[in-house]
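I opened this structure as a newcomer and kept a notebook of what I looked up. The entries go from one region to the next.

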Amino acid sequence: MSTQPPTPPSSEPCSSPSRSVRIATRYSALAMWQAEHVANLLSNAGVATEIVPLISSGDTDMRPIDATRQVGVFTKRIQQALIDNEADIAVHSLKDLPTEVDSRLTLIAVPPREVVNDCLVSPARWTLDSLPAGACIGTGSRRRAAQLKNRRPDLNIQPIRGNLQTRLEKLQTGDFDAIMLASAGLMRLKMDSVPRVELSLVEMMPAPGQGALAIEVRSDATEIQAATQCLNDLATRAAVTAERSLLANLNGGCLAPIAGYAQILEGHLRLDALVLSVDGSKRLEDSRSIRFDENHWQTCAERIAAEATENLASRGARELIAEVRL
Ligand SMILES: NCc1[nH]cc(CCC(=O)O)c1CC(=O)O
């Protein structure tokens with residue numbers, strides 16, 4: 001369903017293209033950091049770059065993500081720039097990249113993943129358990145909301161939109177008692193002083209692809225592909241492929257309460273998957289691992305996701321996900 005053309009497993013050296021590589025990115029501070037990070041990685045590999053910042057509808061349209069009824073609000077504008085040859089590579093947060101594939105584009109590289117977990121941000125540094133009864137929590141993510149409600153049905157969960165800075169301002173002005181964010185974003189922007197508590201992967205399972213970057217190129221741009229494929233980290237690539245394959249199998253998009261985290265441990269690919277009802281009252285988990293074969297990383301990733309999907313579906317996961325479309 002979401003099969004991508006295979007990326008070479010080995011870290012081939014990046015070959016230098018005949019001109020500098022144009023990197024398309026959104027304008028937000030996080031997106032710009034990510035584009036500059038990839039520019040640095042390429043520069044270390046001897047490849048010259050320039051950054052092309054673009055405005056996306058996901059940044060200007062401040063309705064709740066649900067109301068926009070669109071997938072890829074953050075990624076489409078950047079992908080269009082590639083298709084129109086305004087840029088050579090696109091840098092996305094992998095979490096924001098829809099699982100549907102456009103054959104004109106190729107996911108050429110996923111650099112090493114750093115921080116995957118979420119955090120709870122509040123001036124008093126509340127934990128999930130010490131949050132006062134009825135506290136108002138800002139999140140636009142059904143995945144986060146459902147996990148929170150599962151553990152703390154008393155909390156009042158309200159939507160929040162906007163980039164990191166905007167969300168933190170809304171917390172500061174007292175609109176919310178706490179908000180939930182991906183720690184990766186705060187780490188990347190060196191927002192060390194933001195008062196927060198890191199949530200464990202048991203307390204809050206991350207979104208498929210969270211904390212990882214995606215580098216896309218045009219499918220016909222062989223020179224650019226040769227210049228960027230060295231940024232691919234096979235372990236991260238296999239892990240996020242398993243997570244995204246689970247999401248695609250369950251038809252989850254980015255709006256369903258589906259969480260997944262995969263990692264390679266001692267030669268095995270392990271996938272932890274979680275599906276919840278929107279109200280958080282029902283929770284289905286699946287954890288499994290299979291022997292990881294580097295040479296067949298994609299097959300391994302798709303197989304473990306298929307097995308997890310089958311198990312979750314046999315226990316009613318599809319019915320829980322269908323609630324989202326009501
Ligand atoms: N949906 C917005 C988004 N996309 C990627 C990140 C954080 C960085 C990442 O997960 O790689 C965020 C913000 C957040 O969820 O707090």
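What follows are my entries, in the order in which I made them.

**Ground rules.** I noted before anything else that this is a predicted model, in which local features need pLDDT of at least 70 and side-chain atom pairs count only at pLDDT 80 or more, while totals for chains, interfaces and linings use all residues. For the numbering I count residues from 1 along each chain as its sequence is written.

**The ligand shell.** Which residues are around the ligand? I found Ser-93, Lys-95, Asp-96, Leu-181, Ala-182, Ala-184, Gly-185, Gln-210 and Gly-211 there, where a residue is near a molecule if its C-beta atom, placed from the backbone, lies within 6 Å of it. I sorted the shell by residue type and got 3 nonpolar, 4 polar and 2 charged residues; in this scheme Ala, Val, Leu, Ile, Met, Phe, Trp, Tyr, Cys and Pro count as nonpolar, Asp, Glu, Lys and Arg as charged, and the others, Gly among them, as polar. Strand S8 (178–182) and helix H7 (183–188) each supply at least two residues of this shell; helices (H or I, at least four residues) and strands (E, at least two) are DSSP runs, numbered from the N terminus.

I then asked where the ligand shell lies with respect to the domains. Domain 1 (7–113 + 212–232) and domain 2 (118–198) both give residues to the shell, so it lies between them; the domain bounds come from an automatic or database domain assignment.

**Strand S1 and its partners.** I looked next at strand S1 (residues 21–26), and asked how many of its residues are buried. The count is 5 of the 6, so S1 is largely enclosed by the rest of the structure. Here a residue is buried if 20 or more other C-beta atoms lie within 10 Å of its own, exposed if 12 or fewer, and partly exposed in between, with C-beta atoms placed from the backbone.

S1 is joined to strand S2 (residues 49–54) by 6 bridges, and the two run parallel; strands pair if DSSP finds at least two bridges between them. Within this pair I located Arg-22 opposite Glu-50 in S2. Following the chain from S1, I passed through helix H1 (residues 29–44) to reach S2, a β-α-β crossover that is right-handed, in the sense that, with the strands pointing away from the viewer, the path from the first strand over the helix to the second runs clockwise. S1 also pairs in the parallel sense with strand S3 (residues 89–93), over 2 bridges, and there Ala-24 has Ala-90 as its bridge partner.

**The sheet S11-S12-S13.** Further along I came to an open sheet of 3 strands in the order S11-S12-S13, with antiparallel pairing. Its edge strands are S11 (258–265) and S13 (283–291), each of which pairs on one side only. From one strand to the next the twist averages 10°, an angle taken between N-to-C directions, on a scale from 0 to 180 degrees, of axes that are lines fitted to C-alpha atoms, for helices over the stretch in contact.

Strand S12 (residues 268–276) and S13 are antiparallel and are joined by 9 bridges. In this pair I found His-268 opposite Arg-291 and Asp-272 opposite Ser-287. The hairpin of S12 and S13 has 6 residues between the strands, and in it Gly-280 takes a positive phi near 80°.

**Loops and single residues.** Is Glu-266, in the loop between S11 and S12, buried or exposed? Glu-266 is exposed, with 8 other C-beta atoms within 10 Å, and its C-alpha is 32 Å from that of Ala-146, 120 residues away in sequence.

I checked two residues other than glycine for their phi. Arg-125 has a positive phi of about 50°, lies in the loop between strand S5 (118–121) and S6, and is exposed, with 12 other C-beta atoms within 10 Å. Lys-190 has a positive phi near 55°, lies in the loop between H7 and strand S9 (196–198), and counts as exposed, with 8 C-beta neighbours inside 10 Å.

My last entry is Arg-318, in helix H11 (residues 317–322), which is partly exposed, with 15 other C-beta atoms within 10 Å.
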